Amino acid sequence: MNILFLTSDYVSPYKGGVEKVTFLLHNEFIKKGINSYIISLSNCADDTEIVNNHFVFPQNNREDFLCDFVKSHNINIIINQSHHIFILDLCKHIKNHIDFKLISVYHTAPGATVSNIFDDLGFILFSEFSVGKIRDIISWFVRYPYRYYTRKQYLKHKLSNYYNCSDAFVLLSSRFIGDVQKLIGSFNTPKIISIPNPINVVNSSVCIKKKQILFVGRMIFSAKRPDRIIKIWEKISSRFPEWELLMLGDGPDKGKLEDYCKRKDIKNIIFTGNVNPDSYYDAASILCMTSSYEGFGMVLTEALQHKCIPIAYNSFGALSDIIIDNVNGYSIPPFNEKIFVEKLQYLMSNADERERLAANNGVTLDKLDINKVSQQWLDLFDNLLK
């Protein structure tokens, strides 16, 4: 069997989300005797990240390049991991004269495009008070109905396109299927399925945890909303002077967040920039996620592997596949800051509770193991090629 992944960015185990998941699956398929290939739009930034059987689209004649590649490598199945619509269009065009099966994977929550509108408001509200801020708030409310309508129509068209052009449409959680159905209407249920993101299960050897809380993610208001954990920490940090909050990641809004912390004199908060998070997961006791939405939230599974207890807003369907509330972490009603603060303070104050939750990390990890998830993919391949 010959499989081809199409991605927007160069695949790497050191990146997040799509790139890391594709890397894991690609290597697992090769181990299982499948000829797996990758073509991405961008090249690798570092020679140390070069991946076997990884190719890059040329700047021009991409359709001819893809067509020739599929023919010369006798590709049976293309897995479209890209968020770029024109990649889907390329597949659609060459499918007219080459026989292969197309699987499209949607790597975020189905309603993400609409949710982004509210993150724009969050960015405005986080700014210092000024006449310009008042103007921006008024402008947001005036434009909201039009933006909501146009984005919903765009999303409906985009999801319908993915569904109609593909032999199988894969979501990251079964809880997303109903969301897609609401947006695009009735569909052939067997064609749309859910397969979670896999992990390489590792057992953390660290037993002694520090009084540290992590936020891991891009420093950007869209989706990730690091401002929410900063506001939460602002409320409780003075009561827990022995604890610290570490903000791991970089992004366009990092400076704005740092300025806010300096202006408000928020103590014991550290912005690390881009770092390998593994040693931080090992040391920290708690991970907080305050995203407006996620596709799967791999930082949660990474934290669980290191017995770093996750607390997150239940703002996306896949969260329930990762956090079993009060078993291996805490699931907080969407954007209820009061409950988030209460749960976080309770966990920080109670070492026995932290030990209990950390001991249950395997409840989730076992079902997401790469061996089990890759088998779901192999079953899908077999069904498509019957």
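Q: In which element of the protein is confidence lowest, and in which is it highest?
A: Confidence, given as pLDDT (the predictor's own rating of each residue, from 0 to 100), is lowest in helix H4 (residues 112-126), with a mean of 85, and highest in strand E11 (residues 286-289), at 98. Helices (H or I, at least four residues) and strands (E, at least two) are DSSP runs, numbered from the N terminus. This is a predicted model, in which local features need pLDDT of at least 70 and side-chain atom pairs count only at pLDDT 80 or more, while totals for chains, interfaces and linings use all residues. Residues are numbered from 1 along each chain as its sequence is written, and side-chain values use heavy atoms, with hydrogens and water left out.

Q: What is the mean pLDDT of the protein?
A: The mean is 90, and 96% of the residues reach 70 or more.

Q: Why is Cys67 not counted as bonded to Cys91?
A: A disulfide is a pair of cysteine sulfur atoms within 2.5 Å, and the sulfur of Cys67 is 11 Å from its closest cysteine sulfur, in Cys91, which is too far for a bond. For Cys261 the closest cysteine sulfur is in Cys288, at 14 Å, again too far for a bond. A search of the whole structure accordingly finds zero disulfides.

Q: Why is Cys67 called buried?
A: Buried means under 20% relative accessible area, exposed means over 50%, and partly exposed lies in between (1.4 Å probe, protein chains only). Cys67 has a value of 9%, so Cys67 counts as buried. Cys261, at 5%, is buried as well.

Q: What joins the side chains of Gln345 and Arg239?
A: They are joined by a polar contact of 2.4 Å. The term stands for a pair of N or O atoms within 3.5 Å; within protein, one atom must be able to donate a hydrogen and the other to accept it, and residues adjacent in sequence count only if both atoms are side-chain atoms. Gln345 lies in helix H12 (residues 337-349) and, with a relative accessible area of 16%, is buried. Leaving aside neighbours within four places in sequence, Gln345 is in contact (heavy atoms within 4.5 Å) with Ile236, Arg239 and Phe240.

Q: Why does Asn116 count as buried?
A: The relative accessibility of Asn116 is 18%, and therefore Asn116 counts as buried. Asn116 lies in helix H4, and its side chain makes a polar contact of 2.7 Å with the side chain of Ser222.

Q: Which residues is Ser166 in contact with, leaving aside its neighbours within four places in sequence?
A: They are Leu88, Leu102, Ser104 and Lys191. Ser166 is found in the loop between helix H5 (131-165) and strand E6 (168-171), and at 4% relative accessible area Ser166 is buried. Although Ser166 and Leu102 are 64 residues apart along the chain, their C-alpha atoms are separated by 5.2 Å. The side chain of Ser166 also makes a polar contact of 2.7 Å with the side chain of Ser104, and a polar atom of the Ser166 side chain lies 2.6 Å from the backbone oxygen of Tyr162.

Q: What is the volume of the largest cavity?
A: The volume is about 40 Å³. On a 1 Å grid over the protein atoms alone, a cavity is a set of points where a 1.4 Å probe fits but cannot get out, and lining residues have an atom within 4 Å of a point. Grid points are joined across faces, edges and corners, and a volume is the space filled by probe spheres set on the points. The count comes to one cavity of 30 Å³ or more, and the residues lining the largest cavity include Val21, His107 and Trp377.

Key
1 Å grid on protein atoms, 1.4 Å probe; cavity = no way out; pocket = protein on both sides within 12 Å on 5 of 7 lines; lining within 4 Å.
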